[in-house]
Amino acid sequence: MATCLGPDSSPTGRIGHDALAAGLDLGSTSIKLLVVDEAAQEVVSEQIATPWRAGNAGTTEMTTDGLIAAVRALLKKTSARLETLTRARVSSIAIAGMGESGILIDRAGSPVTPAIAWFDPREPMTPFPERIRDEFSGRTGLPLGAQVSVSKLAYFRDQGLRLDELRWLNLPEFVAMSLGGDVALEYSLTSRTGLLDQDTGAPWPEILKELGATAALLPPLREAGDAWGRAVADLPSRFSDSRLTVAGHDHLVAMQAGEDADSDRYHVSMGTAEVLVRVIDTPLGFDARSRLAANLINEVRHVIPGKHVLVAGVKTGLLLRRALQLAGITDRSGRDRLDDAVMALPYRGTLADGGVMVSGARNDDGVLQLAIRTDDVNPAEIFAAILRHSNDEIALLLATMDRELPPAQSSTLTGGWASMRAVQRARDHILPNMSVSTREQETAFGAARTALRLAYAEPTLR
């Protein structure tokens, strides 16, 4: 059975009592900001909806003005809360967030494109040539498809943009720049672009040439937690002049919330995407990366310097969100009532086999499709069927990873969906020796710990 892990009460370093640290999480559904004190205890937490704009056929993007306005509104809202709680100011901000989505900027740092969502289905008009397709996964550790950043870059190229005149920033790095920080890239986020050779950590020249770009497309690369300058933009007083850093890819930052770098463990983070992560000490090499990518599993760089990770994803959260919308559930109380209804059912449900068929959880899909072949179907049965379907997809991913490495002996479940008992029960059927984190904002908390280390010179976790 699953056990629960409470919030970390141990300090990450003794500091002055007049300062705080903040973790900013640019999530697919919402942007979260968590402020902690010197002992990494939560002081205040706020969030705001991620300002995506939906288009035709599932296309989704976000304007840079909309993104920065949302971040500023969140900082203002949090600052107002802090005014009622403490006189301390925020001395450092660490920014984590989704991978694959980013923004092209010109040489002056001005944005020239919107941010295309990582789950946006659009692909470039001109397919990548066979020589690129054959080497892509072995070089970059990623499957080539619409999700990866190079497809978005090729889409912009096909729209007429000259990539040799522009630079790429992933969303957390763009926000850091917009707050006054340096123009630089972080390794774990940039590992998800398809622009890096995983063995060397350097840009892959062939993909840059294919895009019509040069190495200048990529600003200087830094490790997660390195200094990114200071916030000099017009910010609420509680955040002005804060030291800035980029914490890295959200699911990997979530692992750092509990200092979980155990290579014998699966870390499962359930947001809009459900991501399974396994830490490895060194790259597995070209052939292994090709085998893994054929099953939509990545081998990329961790936020911990020198470490790599296997990353496997399913779109469980996206399907569950759409199931809630289908049932007309828009608030936490409605979700809790549905959770109770699912738990009142046996794990396999009460319908005859094949009564409800679900597809869409595979990481290159995301389209919730239901085939209902019987009566007496209700939202609880549908929700439970989605969880079982995603369990089936996870089982395939675990089997693939276990062919490359000895099976992990334990697992940790985190993320926004992990608080639901129905989710915990389902994952306990497939994950070994599962523990469940009780933190509401795992990524923001991991980022806040990164901010503490930056502000007070605590050595980077290794």
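What follows walks through the overall build of this predicted model and then a handful of its local features.

Starting with the big picture, the protein carries 13 helices and 21 strands. Its radius of gyration comes out at 21 Å, and a compact globule of 462 residues would sit near 23 Å, so the two agree. Measured out along the principal axes, the C-alpha atoms fill a box of roughly 60 × 60 × 45 Å. Of the 462 residues, 58% are buried. As for how the chain meets itself, take the contacts with a sequence separation of 6 or more: 73% of them link residues 24 or more positions apart.

On the outside, about 17900 Å² of the protein is exposed, and carbon and sulfur atoms supply 49% of that area. The charge tally runs to 48 positive and 58 negative side chains, with the centres of the two sets 2 Å apart.

Helix 3 makes a good next stop. It spans residues 149-158, and because 9 of its 10 residues are buried, it is largely enclosed by the rest of the structure. The buried set holds Leu-153, Val-150, Ala-154, Tyr-155 and Phe-156, and along with them Ser-149, Ser-151, Lys-152 and Arg-157. So what does the covering of these buried residues include? Two helices turn up there, helix 2 (130-140) and helix 6 (205-211), together with strand 8 (102-105), strand 9 (115-116) and strand 10 (167-170). Just past the end of helix 3 comes Gly-160, whose phi is positive at about 105°.

Positive phi values also crop up away from glycine. Most residues other than glycine have a negative phi, which makes a pair of loop residues worth a look. One of them is Leu-296, with a positive phi of about 65°. Leu-296 sits in the loop that runs from helix 8 (286-293) to strand 16 (297-301). Is this residue buried or exposed? Leu-296 has a relative accessible area of 13%, under the 20% cut-off, so it counts as buried. The other is Asp-376, where phi is also positive, near 65°. The loop holding Asp-376 connects strand 19 (369-372) with helix 11 (379-404). At 67% relative accessibility, over the 50% mark, Asp-376 is exposed.

Two strand residues round things off, each with a polar contact from its side chain. Ser-410 belongs to strand 20, which covers residues 410-414. With a relative accessibility of 14%, Ser-410 is buried. Its side chain makes a polar contact with the side chain of Arg-265 at 3.4 Å. Leaving aside residues up to four places away in sequence, Ser-410 touches Asp-264, Arg-265 and Tyr-266 on one stretch of the chain, plus Pro-432 and Asn-433 on another.

Arg-89 is found in strand 7 (residues 89-97). Its relative accessibility of 31% makes it partly exposed, since that value falls between the 20% and 50% limits. The Arg-89 side chain reaches the backbone oxygen of Ser-240 at 2.5 Å. Seen from Arg-89, Leu-189 is 100 residues away in sequence, and the C-alpha atoms of the two are 29 Å apart in space.

Terms used: Residues are numbered from 1 along each chain as its sequence is written. This is a predicted model: local features need pLDDT of at least 70, side-chain atom pairs count only at pLDDT 80 or more; totals for chains, interfaces and linings use all residues. Side-chain values use heavy atoms; hydrogens and water are left out. Helices (H or I, at least four residues) and strands (E, at least two) are DSSP runs, numbered from the N terminus. Buried means under 20% relative accessible area, exposed over 50%, partly exposed in between (1.4 Å probe, protein chains only). A polar contact is a pair of N or O atoms within 3.5 Å; within protein, one must be able to donate a hydrogen and the other to accept it, and residues adjacent in sequence count only if both atoms are side-chain atoms. Contact means heavy atoms within 4.5 Å. The radius of gyration is taken over C-alpha atoms; the globule rule is 2.2 Å times the number of residues to the power 0.38. Accessible areas come from the Shrake-Rupley method with a 1.4 Å probe; for residues, only the protein chains shown count as cover. Lys and Arg count as positive and Asp and Glu as negative; His and the chain ends are not counted. The place of a charge is taken as NZ of Lys, CZ of Arg, CG of Asp or CD of Glu.
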